[in-house]
Amino acid sequence: MKIGEVVRRLWTVAAAVVVLAALKLGAALPGAWIDTLVTHALFAGALAAVVARCVLRPAARAAWAAVAVGTAAIWATELAGGTDTRTLVGAAPGLLLVASLVGRVRLRPHPHSAGRWLGALSAGTGGAAVLTVAASGVAGPVDLGDARSAYVLAAPYAWLAAVAVALTVVVLSGRRADLPLHTVLVAAAVGFGAAAAEAVGAGAGVAVALGRSGLGVTAALLAVAAWLPPAPEDAPRTRLALPMSAALGAGSLVILVGVGQRAGTVAVVLATGCLATTVARAVVAEIEARRLASSREDALTDELTGLGNRRRLALDIATALADRETDEHVGLVLVDLDRFKEVNDTLGHQIGDALLREVSARMAAAAGEHLLVRMGGDEFALLLGPTRNGRAAQAAAHALVAALDEPIAIGELLLRTRASAGVALVPQHASNAVELMRCADVAMYEAKTAATGDGVAMFDAEVDSVRRNVVRRTDELRIGVARGDLVVHYQPEVDLADGSIVGIEALVRWRHPTEGLLAPQRFLSLAEQADLMPTLTRIVLDTSLAHARKLADGGRPLELAVNLSPSCLLDPHLPRVVAELMAKHGVPPGRLMLELTEDALLPDPGRAADVIAALRAHGARLALDDFGTGFASLSYLRTFDVDAIKLDRSFVSRTHSSPRDRIIVESTIKLGHALGLKVVGEGVETESAYRTLREMGCDLAQGFLIGEPMSYSDLKLYLLKRGPRGDEAAGPDPAKAGASARALRALSE
C-alpha cells in the first residue's frame with residue numbers, strides 16, 4: 001500500500017470519527033431529546049456492521065466475532081444505566097477486545113518459552129484483579145472500597161489492557177499500514193478515555209456524558225475497522241518495544257496514583273503485577289521477533305559468501321518492479337564464472353569455495369549500493385533498482401567483469417578467473433520478473449559463447465529468437481525420434497577394379513512433418529546437444545543391419561558402413577549394443593564397417609581407444625572418415641587400429657585440376673596400401689575423378705557419379721538394374737553424371 005493511499009484512508013477515518021463524536025456529544029448534552037435515539041441507533045448500526053463482517057468475510061472471523069460480542073457488551077453497558085450493573089459489565093468490552101486482538105497475533109512461541117509463561121502470568125493477574133473488584137461490588141467491600149471504586153478500577157483497567165494488547169499486536173505483527181489494527185487501537189484508546197472520564201468524574205453529568213459519547217465513538221470505530229482492508233502479510237516489521245513499555249508504565253502510574261487511594265490493596269497489587277508482566281512479555285516478544293527476523297535474514301543469505309541468495313533477489317525484484325515509475329528502468333545482470341568447474345575438479349572444493357568468497361568480495365565492492373546475490377554455484381546476479389539511466393546496468397556489468405582482471409591469491413596459489421555477464425532491462429526487454437531473469441540468462445549465455453567480446457552482452461531479441469528456434473527444433477527432433485520419423489538412406493560404394501557394387505553407406509534422414517526430408521547436417525548437432533545420439537545411432541544400426549540382412553538373403557551381400565558421432569566413442573555401452581544388433585540380424589563379423597571422424601577421437605583418445613578395441617573384438621571393422629582434413633590424421637593411423645581410410649571429397653574433387661591435390665591423393669593411397677588399409681575415395685562426381693582414382697590404384701569410390709543416397713526400396717531397384725554383380729556394362733554415364741551430381745549435391749546439403 002502506497003503512503004498516499006494510507007494518508008487518504010486515515011483522513012477518511014479521522015473525518016468519520018470527528019463527525020460521529022460531534023453528533024454524539026451534541027446528542028448527549030443535558031436536555032438533548034435526541035440522545036437516546038442517536039445512541040441506540042449508533043450502537044445498533046455498529047453491531048450490525050461487525051456482525052455482517054463476520055458473516056461475509058472468512059478471514060479472522062473468530063477475532064471479529066469477539067469484537068461483535070464486545071460491541072454488544074458496550075451497548076449493554078449503555079442500556080444498564082445503574083452503577084452496580086455498570087460495575088459488572090463495564091470491563092467486558094475491553095476484555096473481549098483483548099481476546100479478539102490476541103486472535104490476530106501471528107507469533108506462535110514454543111509451549112515452554114518465557115513469553116508463553118509471562119503471557120499466562122499477565123492474563124492471570126489481570127483477570128484476578130478484575131474479578132476481585134467485580135466481586136467487591138456484589139458481595140460488599142473486602143478492603144476494596146465500594147462498587148464505584150470497583151468500576152473505577154475494572155472498566156478503565158480492562159480498556160487499558162485492550163490498548164496495551166492492540167499496541168502489542170500492531171508492533172509485533174509488523175503491520176505499519178494495517179488500517180484495521182490501527183483503528184482498533186484508536187477505538188481501545190477512546191474506550192479507555194471514556195471509562196476513565198466517567199469514573200474519575202464520580203457520576204457528574206458532564207463526565208457521564210463524555211463516557212457515554214466515548215463508548216459510542218468506540219463502537220463506531222470498531223465497525224469501521226471491521227470493513228477496512230488489511231495490509232499485505234509481508235508488510236515491513238516495526239520494533240517499538242521501548243515506546244510500548246513506556247505506555248504500559250504510564251498506565252500503571254495512572255492506576256497507582258489516580259485510583260490507588262480509592263481501590264483495595266489486593267486489586268492494585270494485582271493490576272500492577274499484570275502491567276509489569278505485560279511489559280516483560282512485550283520485551284520477550286520483541287526478542288522473539290528479532291530471532292524470527294534473524295531467521296528470515298538467514299533464509300535470504302548465502303551461507304558461503306554472505307551475499308543475498310536467489311530468494312532475496314526474487315523479493316527485491318518484485319519490490320523494484322512495484323516501485324518503478326513509467327520512465328524508470330530496472331536492470332538485472334547475471335554473471336557466470338568461466339571454467340570454474342576446472343578449479344573444483346583439479347584443486348578441490350575447498351579451493352573453489354575460497355575462490356568464490358574472494359570473487360564475491362571483489363564484485364560486492366564493484367557493485368556498490370546495488371544488490372549483489374549468489375544464485376548458486378558460480379553464478380551471481382546484480383539488481384539495479386528503479387533508475388532513469390538505462391545504460392547503468394551495462395556499466396555495472398563491465399565493472400563486475402573488470403573486478404576479476406587481477407589474479408586472486410588463494411594460499412600459495414595465484415588463480416586467474418574471468419566472468420561472462422548478461423544484461424536485461426525492464427521495460428525494454430521484459431515486463432515481469434520471470435521474463436527479466438530469462439532475458440538476462442540468454443544474454444549471459446551469449447556473452448559466454450561469443451568468440452570475441454569483452455565478456456558482457458546485452459539481451460538481443462534476434463539472438464533470443466535463434467535460441468528459441470533451436471529449442472523448438474530440438475523438441476521436434478525428440479518427438480520425431482520417438483514417433484519413428486527417422487529414416488535411413490543408402491549410398492553405394494563401387495570397386496574401382498571391376499566396377500561392381502561392394503558396399504553401401506547408411507545415411508540418416510529426418511522426415512520432418514512440415515519441411516520434408518532433412519539431411520543430417522540439419523539436425524545431427526541438435527541431437528548431440530540433446531543427448532539423442534545414442535538413441536539415433538541405435539535406430540540407424542538396427543534399421544540398416546536389418547536391410548543388409550535382407551539384401552544378403554536376396555543374394556546381394558554388401559558391406560555396410562555406418563557413421564559414429566564423437567559422443568558414441570565415449571559410450572562404453574556401444575560395443576555391447578553393436579554386438580547385440582549384429583547377432584539379432586545375423587550379420588557376420590567383418591560385414592559391418594563403422595566410420596570414425598577425427599573430431600570423434602579428439603575429446604578423449606584413451607577412452608576412444610578402449611571403445612574401438614571392444615568394437616573390433618565384436619567383429620566390427622573401422623574406417624577413418626574425412627581423412628586429410630584434420631591436424632592429427634597421420635598420428636591416428638599410428639595410434640588406432642583401423643581397416644580403411646576414406647579420402648575427403650575436397651581432395652578427390654580437385655585431382656584433375658590441382659597438381660598438389662593429385663600428389664596428396666596419390667601419396668595417401670600408397671600410404672594406405674603400405675599399411676595394409678583399403679582406401680576409399682569420397683565425393684566422386686565426375687568421370688575424370690573416377691578414372692584418376694582408378695589409375696592411382698584406389699580401392700573403392702563413392703559419390704553421386706556412382707549413385708545418390710536413396711531409400712531402401714530405391715536401392716533394391718538400383719541393384720537390380722546393375723545386374724547380378726552390381727556392375728553396369730557401360731560403367732558410369734558421364735553425360736548424365738554432371739547434372740545429376742549437381743542436383744543431388746544440393747539435396748544432401
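This tour moves through a predicted model, from the whole chain to a series of selections.

**The whole chain**

Begin with the full protein in view. It has 28 helices and 16 strands. Of its 749 residues, 49% are buried. The accessible surface comes to about 35,000 Å², and carbon and sulfur atoms account for 60% of that area. Among contacts with a separation of 6 or more, 71% join residues 24 or more positions apart.

**A nonpolar patch**

Select Val-51, Val-55, Leu-56 and Trp-227, which make a nonpolar surface patch of about 380 Å². Helix H2, residues 35–56, provides the largest share of the patch, with three residues. Val-51 is in helix H2. This residue counts as partly exposed because its relative accessibility is 37%.

**Asp-338 and its partner**

Next, select Asp-338 and Lys-448, whose side chains meet in a salt bridge with an N to O distance of 2.6 Å. The pair links distant parts of the chain, 110 residues apart: Asp-338 is in the loop between strand S1 (329–337) and helix H13 (340–347), while Lys-448 is in helix H16 (residues 433–449). Asp-338 is partly exposed, at 25% relative accessibility, and Lys-448 is also partly exposed, at 32%.

Add Arg-339 and Glu-342 to the selection. Their side chains form a salt bridge at 3.0 Å, N to O. Arg-339 counts as exposed, with 62% relative accessibility, whereas Glu-342 is partly exposed, with a relative accessible area of 41%.

**Asp-378**

Keep Lys-448 displayed and select Asp-378, in the loop between strand S2 (371–376) and strand S3 (379–387). Which side chain of opposite charge is nearest to Asp-378? The nearest is Lys-448, 5.9 Å away. Asp-378 has no salt bridge, because that distance exceeds the cut-off of 4 Å. The residue is nevertheless buried. Apart from neighbours within four places in sequence, Asp-378 is in contact with Val-335, Asp-336, Leu-337, Phe-340 and Leu-356.

**Two further salt-bridge sites**

Select Glu-358 and Arg-362 in helix H14 (residues 349–367); the two lie four residues apart, about one turn of the helix. Their side chains meet in a salt bridge of 3.6 Å, N to O. Glu-358 is partly exposed, at 31% relative accessibility.

Then select Arg-472, Arg-473, Glu-476, Glu-515 and Arg-522, which are linked in a network of salt bridges. The structure holds 28 salt bridges.

**Strand S13 and its neighbours**

Select strand S13, residues 621–627. Is this strand largely enclosed or largely open? Six of its seven residues are buried, so the rest of the structure largely encloses S13. Now add strand S12 (residues 592–596), which runs parallel to S13 and is joined to it by four bridges. Within this pairing, Glu-595 has Ala-623 in S13 as its bridge partner. Strand S14 (residues 644–647) also runs parallel to S13, with three bridges between them. There, Leu-624 stands opposite Ile-645 in S14.

**Gly-697**

Finally, select Gly-697, in the loop between helix H26 (687–696) and strand S16 (700–701). At 31% relative accessibility, Gly-697 counts as partly exposed. Show Ile-669 and His-673 as well: Gly-697 touches both, with residues up to four places away in sequence not counted. Glu-666 completes the view, 31 residues from Gly-697 in sequence and 8.4 Å from it in space, C-alpha to C-alpha.

Technical notes: Residues numbered from 1 in each chain as written. Predicted model: local features only at pLDDT ≥ 70, side-chain atom pairs only at ≥ 80, totals over all residues. Heavy atoms only, no water. Buried < 20%, exposed > 50% of the residue type's maximum accessible area, 1.4 Å probe, protein only. Lys, Arg positive; Asp, Glu negative; His and termini not counted. Contact = heavy atoms within 4.5 Å. Patch = residues over 30% accessible without salt bridge, like charges linked within 9 Å, V, L, I, M, F, W, Y side chains within 5 Å. Areas by Shrake-Rupley, 256 points an atom, 1.4 Å probe, with all protein chains shown as cover. Pairing = 2+ DSSP bridges.
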